[in-house]
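Visitor: I would love a close look at one part of this model, namely the salt bridges and what surrounds them. Could you walk me through it, with the cut-offs spelled out?

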Amino acid sequence: MMWYEIVIGIFGALGGLAGIGAFIKAFFFVKQDKEAKTIDNLIKIIDEVKEEYKELKGEFHDYKVEVDKRVTFFKEKFDEIERERDNFKKATMEANRCTLPTTIEECPVVKFLANLEACQDCKKNKNQNN
C-alpha cells in the first residue's frame, strides 16, 4: 500500500465519523432544536402582541379624552338649558299676579325676565373683569 492510499483511507474514515457524528447530533438534538425554534417564534408573537397592545392603549386613551370633552360640553349645555327652564318656570309663576297691565313693561313676567337678563349680564361682565 502506498502512503497516499493510507492518507485517503484516514480522511475517508474521518469523513465517515463526521457524517455519523452529524447524524447522531441530528437524531438526538432535533427535539431541542425544534423547541428552541418554537420558543423563538412564541417570543416574536408576544412582542407583536405587546406592540399592538401599546397602540390600542394609546388609541383608547385618545378616545377616552375625546369622549370626556364631549360629555363635559353636553353636561354644561344641559345645565344651561335646565337653568333657563327653571327661570321660565319662575317667570310664568309671576303671571298669576298679572292684573292686565296698561303697558308691556308693567307685566310681572316681562319684568322678571328683564331683571333676570340684566342679572345674567352683570354675571358675564363680572366674569370678564376677573
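Guide: Here is a walk through the salt bridges, followed by the aromatic pair and the surface patches. This is a predicted model, in which local features need pLDDT of at least 70 and side-chain atom pairs count only at pLDDT 80 or more, while totals for chains, interfaces and linings use all residues. Residues are numbered from 1 along each chain as its sequence is written, and side-chain values use heavy atoms, with hydrogens and water left out.

Let us start with the setting. The chain has 2 helices and 0 strands; both kinds of element are DSSP runs, numbered from the N terminus, with helices (H or I) needing at least four residues and strands (E) at least two. Of the 130 residues in the chain, 4% are buried. Here buried means under 20% relative accessible area, exposed means over 50%, and partly exposed is in between, with a 1.4 Å probe and protein chains only. The chain exposes about 12,200 Å², and carbon and sulfur atoms supply 64% of that area. Such areas come from the Shrake-Rupley method with a 1.4 Å probe, and for residues only the protein chains shown count as cover.

Now to the part you asked about. The structure holds 4 salt bridges, each being a side-chain nitrogen of Lys or Arg within 4 Å of a carboxyl oxygen of Asp or Glu. Among them is the contact between Lys-75 and Asp-79, at 3.4 Å from N to O. These two residues are separated by about one helical turn, because they are 4 residues apart in helix H1. Lys-75 is exposed at 51%, whereas Asp-79 is partly exposed at 29%.

Arg-85 takes part in a network of salt bridges that links it with Glu-82 and Asp-86. Its contact with Glu-82 is 2.9 Å from N to O, and the two sit about one helical turn from each other because they are 3 residues apart in helix H1. With Asp-86, the closest N and O atoms of the bridge to Arg-85 are 3.5 Å apart. Each member of the network counts as partly exposed: Arg-85 has a relative accessibility of 37%, Glu-82 has 26% and Asp-86 has 32%.

Next comes the aromatic pair. The count is 1 aromatic pair, where rings of Phe, Tyr and Trp (its six-membered ring) pair if their centres lie within 6.5 Å, and planes under 30 degrees apart count as stacked, over 60 as edge-to-face and the rest as tilted. The partners are Phe-73 and Phe-74, with ring centres 5.1 Å apart and planes at 75°, so the arrangement is edge-to-face. Phe-73 is partly exposed at 43%, while Phe-74 is exposed at 53%.

Finally, the surface patches. These are made of residues with over 30% relative accessible area and no salt bridge, joining like charges within 9 Å and nonpolar side chains (Val, Leu, Ile, Met, Phe, Trp, Tyr) within 5 Å. Leu-42, Ile-45, Ile-46 and Val-49 make a nonpolar patch of about 370 Å². Leu-42 belongs to helix H1, which covers residues 3-94, and it is partly exposed at 48%. A negative patch brings together Asp-47, Glu-48, Glu-51, Glu-52, Glu-55, Glu-59 and Asp-62. Lys and Arg count as positive and Asp and Glu as negative, with His and the chain ends not counted; a charge is placed at NZ of Lys, CZ of Arg, CG of Asp or CD of Glu. Glu-59 lies in helix H1 and is exposed at 52%.
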